[in-house]
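Trainee: I'd like a close look at one part of this model. What holds the middle together, residue by residue, and what sits around it?

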Amino acid sequence: MGSKAEEDKQDVYHRLSKETGWRAHSAFKLLQLDEEFHLFQGVMRAVDLCAAPGGWTQVLRCRTARSHALGGHLKV
């Protein structure tokens with residue numbers, strides 16, 4: 001179990017994701033990584049495997065407006 005500070009930090013991003021319409025709080029980390037490293041620059045197609053709840057697919061679709069992003073959950 002994490003510390004109280006870690007739990008508060010998670011609550012902030014969880015609350016922000018709900019307020020801003022992102023499906024998962026991990027979307028904020030992906031957006032931060034994209035800002036720093038330009039991960040999606042020039043991306044035309046992307047596949048997000050095991051895309052539940054779909055937050056990364058949502059970011060991909062937002063950041064790569066002209067590309068095709070497909071998300072799905074695979075059962076193995």
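**The nonpolar core and its surroundings**

Mentor: Start with the largest nonpolar core, which has eight residues: W22, A27, L30, L31, F40, A46, V59 and L60. By that I mean a set of buried Ala, Val, Leu, Ile, Met, Phe, Trp, Tyr and Cys residues joined through side-chain atoms within 4.5 Å. Buried is under 20% relative accessible area, exposed is over 50%, and partly exposed is in between (1.4 Å probe, protein chains only).

Before we go on, keep in mind that this is a predicted model: local features need pLDDT of at least 70, side-chain atom pairs count only at pLDDT 80 or more, and totals for chains, interfaces and linings use all residues. Residues are numbered from 1 along each chain as its sequence is written, and side-chain values use heavy atoms, with hydrogens and water left out.

For orientation, the chain holds three helices and two strands, and going along the sequence you meet them as α-α-β-α-β. These are DSSP runs numbered from the N terminus: H or I of at least four residues for helices, E of at least two for strands. Out of the chain's 76 residues, 25% are classed as buried.

Back to the core. Two elements, α2 and α3, each give two or more residues to the core. Of the elements, α2 gives the most, with three residues.

So how do those two helices meet? Helix α2 covers residues 26–37 and helix α3 covers residues 55–63, and their axes come within 9 Å and cross at roughly 40°. Axes here are lines fitted to C-alpha atoms, for helices over the stretch in contact, with angles running from 0 to 180 degrees between N-to-C directions. On the α2 side, the contact (heavy atoms within 4.5 Å) is made by S26, A27, L30, L31, D34 and E35. On the α3 side, the partners are G55, W56, V59 and R63. Notice that A27, L30, L31 and V59 turn up both in this helix contact and in the core list.

V59 is a good place to stand and look around. Setting aside neighbours within four places in sequence, V59 is in contact with W22, A27, L30, L31 and F40. Each of those contact partners is also a member of the core.

Now turn to L31, over in helix α2. Its relative accessibility is 13%, so L31 counts as buried. With neighbours within four places in sequence left out again, L31 is in contact with W22, V59 and R63. W22 therefore appears in the contact list of L31 as well as in that of V59. As for R63, which belongs to α3 in the helix contact, R63 and L31 are 32 residues apart in sequence, yet their C-alpha atoms are 8.6 Å apart.

Further along α3 you come to R61, and here the picture flips: R61 is exposed, with a relative accessible area of 55%. From C-alpha to C-alpha, R61 is 9.2 Å from A46, a residue 15 positions away in sequence. A46 itself is one of the core residues.

The loops are worth a look too. H38 sits in the loop between α2 and β1 and has a positive phi of about 50°, although H38 is not a glycine. G42 is in that loop between α2 and β1 (45–49) as well, and at 67% relative accessibility G42 counts as exposed. Check the C-alpha of G42 against that of T64: 22 residues separate the pair along the chain, and 8.3 Å in space.

Compare that with G54, in the loop between β1 and α3. Its relative accessible area is 5%, so G54 is buried. The C-alpha atoms of G54 and A24 are 7.4 Å apart, with the two positions 30 residues apart in sequence.

Pairs like these fit into a chain-wide tally: of the contacts with a separation of 6 or more, 37% are between residues 24 or more positions apart.
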